[in-house]
Amino acid sequence: LSSAELIPDDTFQLLQEKYHARKEDAFNICIPPHQQPVTRILSKILPEEAQPPPSSYEQVGHVVHVNLKAQHVDYGKLIGSILLDRLQPTTKTVVNKLGEVGGPFRTYQMGLLAGEDDYFVHVVEHGVSLYFDLRKVYWCT
């Protein structure tokens, strides 16, 4: 049996339609970066000392917020640019939380990693449009 014969016909047909797969390279299908999870892209790009890569983020309006660990901080701009590129067009700003949540409105300092220096966001919750400065409001989904 060849490797292509191990793939069911309906599955291979889907691979042909979606990825232009050919029988001769059935196990060498190249999936473009825009169709891969961010953590996979980061795991391939970041050096060994920054592994495992950050695995989560939160998006509030057009702002993506990450909590980088110590081993990721030196690669923050790279991580931010990959997130910005991968999460287009809904993302315009990528930030890292600096310090702890505090104050009467439970806010935190944030450092710009990539994109626009714009923290005024638009969020729709249950049909209600909210506009606010993310630096002045703690938002939790």
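The legends below describe close-up views of a predicted model.

**View 1. The whole chain and its elements.** The chain holds 3 helices and 6 strands. Read from the N terminus, the order of these elements is α-α-β-β-α-β-β-β-β. Along the principal axes, the C-alpha atoms occupy a box of roughly 65 × 40 × 20 Å. The radius of gyration of the chain is 20 Å, whereas a compact globule of 141 residues would come near 14 Å.

**View 2. Surface and burial in the chain.** About 9,300 Å² of the chain is exposed, and 53% of this area comes from carbon and sulfur atoms. Of the 141 residues, 33% are buried. For contacts between residues at least 6 apart in sequence, the share that joins residues at least 24 apart is 47%.

**View 3. Ile7, in the segment before α1.** Ile7 belongs to the segment that precedes α1, and α1 itself spans 9-19. The relative accessible area of Ile7 is 13%, which is under 20%, so Ile7 counts as buried. Tyr108 serves as a second reference point: Ile7 and Tyr108 are separated by 101 residues in sequence and by 51 Å in space, C-alpha to C-alpha.

**View 4. The largest pocket.** The volume of the largest pocket is about 210 Å³. Its lining consists of 14 residues. Nearest the centre of the pocket lie Pro54, Ser55, Ser56, Asn67 and Lys69. Sorted by class, the lining of this pocket comprises 6 nonpolar, 6 polar and 2 charged residues.

**View 5. The largest cavity and its lining.** Searching the whole structure gives 1 cavity of 30 Å³ or more. The largest cavity encloses about 40 Å³ of space. Lining residues of the largest cavity are Glu58, Val60, His65, Tyr108, Leu134, Tyr138 and Trp139. By class, this lining has 5 nonpolar, 1 polar and 1 charged residues. Glu58 is the charged member, because Glu is placed in the charged class. His65 is the polar member, because His is not listed as nonpolar or charged.

**View 6. Tyr108, seen from the cavity and from Ile7.** Tyr108 is one of the residues that line the largest cavity. Other members of that lining include Leu134, Tyr138 and Trp139. From the C-alpha of Tyr108 to that of Ile7 the distance is 51 Å. Ile7, at the other end of this distance, sits in the segment before α1 and is buried.

Note on methods. Residues numbered from 1 in each chain as written. Predicted model: local features only at pLDDT ≥ 70, side-chain atom pairs only at ≥ 80, totals over all residues. Heavy atoms only, no water. Helix = DSSP H or I, 4+ residues; strand = E, 2+ residues; numbered from the N terminus. Buried < 20%, exposed > 50% of the residue type's maximum accessible area, 1.4 Å probe, protein only. 1 Å grid on protein atoms, 1.4 Å probe; cavity = no way out; pocket = protein on both sides within 12 Å on 5 of 7 lines; lining within 4 Å. Points joined across faces, edges and corners; volume = space filled by probe spheres on them. Rg over C-alpha atoms; globule rule 2.2 N^0.38 Å. Contact = heavy atoms within 4.5 Å. Areas by Shrake-Rupley, 256 points an atom, 1.4 Å probe, with all protein chains shown as cover.
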